[in-house]
Amino acid sequence: MKVKRGSSKRVSKKSTSKAKSIGDKDLQNISLVKNVLFKPARYKYIRKQEVVKGCVFCNSSKSISMETLCVYKSDYSMIVLNKFPYNSGHLLVLPQGHGGDLLKLSSDQYADLMATLKLACQAVTDIYAPAAFNLGMNHGSSAGAGIPEHLHFHVIPRWAGDLNFFPLIAQTKVVIETLEQTYQNYIGYFNNRVSS
Ligand SMILES: [Zn+2]
């Protein structure tokens, strides 16, 4: 079943009229997923409701933990789980230092960020074996960045059968992993990498 991008109101109305034909359980699944995955406006709303003092990404740089969602730190960069993932395994790769301008990174900071981005791709590949990735950054609020003051790359594993960047098929198995499971996957991976 496909849900059109940006059509949450239409989905809701159609959902009522088609309840018998597609099943209440399907509707519940769609409703559940669309609030997290299909509605960028809702996503921003949820983030704004969080009570986090200061920058949420600077908070993530304090420690590697489930609480901060940070799973790896290099000299200047870090890998953090997206609290509201577009797909299971969704990572954010970003500088530990606060700042929203890629051009202001030093050469060492930039090189470290790129190396960490590659490492994140390797981790996603080894753990989730995706068919492809979305790699990208919304640089600045006008480009769509949710937190423009602290730049961050998205690393999103993709599989055949899901749709474009935001809209995903509701019944896709890969979206049902919990954040705790994702955290354990990455922590185990990076711990093994350090010890080997
Ligand atoms: Zn910050």
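How many residues does the hairpin use to join β1 to β2? Three residues, and that hairpin is a nice way into this structure. Hi everyone; before we go on, please keep in mind that this is a predicted model.

Let me start with the overall layout. The chain has 196 residues, and 28% of them count as buried. It holds seven helices and five strands, and from start to end the order reads α-α-α-α-α-β-β-β-α-β-β-α. If you take the contacts with a separation of 6 or more, 61% of them come from residues 24 or more positions apart.

Now, the strand I'd like you to look at is β2, residues 77–81. Five of its five residues are buried, so β2 is largely enclosed by the rest of the structure. What about its two faces? In a regular strand, side chains alternate between the two faces of the sheet. In β2 both faces are covered: Ser77, Ile79 and Leu81 are buried on one side, and Met78 and Val80 are buried on the other.

So who are the neighbours of β2? One is β1, residues 70–73, which runs antiparallel to β2 and is joined to it by three bridges. Another is β3, residues 91–95, also antiparallel to β2, with five bridges between them.

If you'd like one residue to click on, try Val80. Val80 in β2 stands opposite Cys70 on the β1 side, and Val80 also stands opposite Leu92 in β3. Val80 is buried too, on the β2 face that includes Met78.

That's my tour, thanks for listening!

Conventions: Residues are numbered from 1 along each chain as its sequence is written. This is a predicted model: local features need pLDDT of at least 70, side-chain atom pairs count only at pLDDT 80 or more; totals for chains, interfaces and linings use all residues. Helices (H or I, at least four residues) and strands (E, at least two) are DSSP runs, numbered from the N terminus. A residue is buried if 20 or more other C-beta atoms lie within 10 Å of its own, exposed if 12 or fewer, and partly exposed in between; C-beta atoms are placed from the backbone. Two residues are in contact if their C-beta atoms, placed from the backbone, lie within 7 Å. Two strands pair if DSSP finds at least two bridges between them.
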